[in-house]
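Dear colleague,

Please find below the structure that I am handing over to you. My notes on what was found in it follow directly after.

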Amino acid sequence: MSMAAPRMFGLARQQLLSRSMCAVPHQFDFVPAAPGTLAMEDVHTLADFIRNSRKLFVVTGAGLSTESGIPDYRSAGVGMYATSKQKPIQYSEFVNDDDKRRRYWARNYAGWQRFSSRQPNIGHFFVSELERRGMLHWLVTQNVDRLHRKAGSSRLSELHGSTHDVICLQCKSLTYRSDLQNRMLEINSEFIDRFEDDNTVRPDGDVHFETDAWKQFQIPDCQLCGGMLKPYVVFFGDQVPRPLVEEIYERLGESDAMLVIGSSLEVYSSYRFALAASEQSIPICLLNIGPTRAD
């Protein structure tokens, strides 16, 4: 079952009904338009699905955060893949190419204040309310924006990590991204005046700009060992740590239903949990604009 949009949330059936009957205005042009109103039969099905679960396993994707001002990659016509030729950095590029790593950090530095200030929307608060009421067993988010934690969720796994943390690839120490921003500012105080960006935060927190000012950007090293610093996220071409995957499989095995919100499940890192749920005869409900890999 595919449904119209993550905005149409509500724990009570009447809330779902009332929201589905009216158009919802978009503040950002990268928020996909819902293809019409939600069928009443689907509204009832979703409400019953959630109400009948006692240990709900929820998976969320980038579609949940678009209305918080963070675009996704794959939405037809408005996602970053459809509107930009820029591609996300690969793990091998980050660790092996000094120029690409410098450009990444320069763009990330420029976009950090905007990205980190984004706030949860009704979808994030809906999921945290499920937890507060004891209906949520576990939440797995593909998003690196930490908006679920801002909304109050605590029973969760950040499948792809979080941009709010930084890891040293040598000593494996973790530090706050906000602290690194201050260190970057100290040694790049004039950098922000050397470029104009396109005023759009990308899904992973950086911005795009054409100028070569990034070539002068200075990257701090780890304060403990002098090693290379990297956002604590799973880049394309990297792998989710196996212990985390095993933990999520365990939480899924304890659950009695799976709800997917705002994800096409195109990447295997999340799709595998839908496969596992199907193999274990755990019912799955999909709430997304457009088709998903699990349809």
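Helices here are DSSP runs of H or I with at least four residues, numbered from the N terminus. By that numbering, R251 belongs to helix 9, which covers residues 242–253. Please bear in mind throughout that this is a predicted model.

**Overall picture**

The chain contains 10 helices and 8 strands. It has 295 residues, of which 51% count as buried. Among the contacts with a separation of 6 or more, 74% join residues that are 24 or more positions apart.

As to confidence, the average pLDDT of the chain is 83, and 76% of the residues reach at least 70. Residues 1–26 have a pLDDT below 50, and in the model this stretch has 77 contacts beyond near neighbours in sequence.

**Strand 7 and its partners**

Strand 7 comprises residues 257–261; 5 of its 5 residues are buried, so the strand is largely enclosed by the rest of the structure. Both of its faces are covered, with A257, L259 and I261 buried on one side and M258 and V260 buried on the other.

Strand 7 pairs with two strands that I would point out. Strand 1 (residues 56–60) runs parallel to strand 7, with 5 bridges between them; I261 of strand 7 is the bridge partner of T60. Strand 8 (residues 284–287) also pairs with strand 7 in the parallel sense, over 4 bridges, and here V260 stands opposite L286. Together with helix 10 (residues 268–279), strands 7 and 8 form a right-handed β-α-β unit.

**Helix 2**

Helix 2 consists of 13 residues, 40–52; at 1.5 Å a residue it should span 18 Å, and its end C-alpha atoms are indeed 18 Å apart, which agrees. Its buried residues are V43, L46, A47, F49 and I50. These cover an arc of only 160° around the axis, which puts them on the same side of helix 2. An α-helix has 3.6 residues a turn, so residues three or four places apart point the same way. The exposed residues E41 and N52 are carried on the face of helix 2 that is turned away from its buried side.

**Helix 8 and Q181**

Which residues of helix 8 are buried? In this helix, residues 177–187, they are R177, L180, Q181 and M184. Viewed down the axis of helix 8, the buried residues fall within an arc of 105°, so they line one face of the helix. They pack against helix 5 (98–116), strand 4 (161–168), strand 5 (174–176) and strand 6 (229–233).

Q181 deserves its own entry. This residue of helix 8 has a relative accessibility of 14% and therefore counts as buried, the limit being under 20%. Leaving aside neighbours within four places in sequence, Q181 is in contact with Y109 and W112. Q181 and A110 are 71 residues apart in sequence, while their C-alpha atoms are 9.6 Å apart in space.

**The loop between helix 8 and strand 6**

Two residues of this loop were examined: F217 and Q218. Is each of them buried, exposed or partly exposed? F217 has 0% relative accessibility and counts as buried, whereas Q218 is partly exposed, with a relative accessible area of 40%.

Residues up to four places away in sequence not being counted, F217 touches R102, W105, A106, Y109, M184, N188 and F191. From F217 to R103 the C-alpha distance is 7.9 Å, and the two are 114 residues apart in sequence. For Q218, with neighbours within four places in sequence left aside, the contacts are R102, I187 and N188. The C-alpha atoms of Q218 and N188 are 6.5 Å apart, and 30 residues separate the two positions in sequence.

R102 thus appears among the contacts of F217 and also among those of Q218. M184, a buried residue of helix 8, is one of the residues that F217 touches.

**R251 in helix 9**

To return to R251 of helix 9: with a relative accessibility of 14%, R251 counts as buried. Not counting residues up to four places away in sequence, R251 touches F57, H137 and W138.

With kind regards

Conventions:
Residues numbered from 1 in each chain as written. Predicted model: local features only at pLDDT ≥ 70, side-chain atom pairs only at ≥ 80, totals over all residues. Heavy atoms only, no water. Buried < 20%, exposed > 50% of the residue type's maximum accessible area, 1.4 Å probe, protein only. Arc of directions from axis to C-beta. Contact = heavy atoms within 4.5 Å. pLDDT = per-residue confidence, 0-100. Pairing = 2+ DSSP bridges. Right-handed = clockwise from strand over helix to strand, strands pointing away. Expected span 1.5 Å × (residues − 1).
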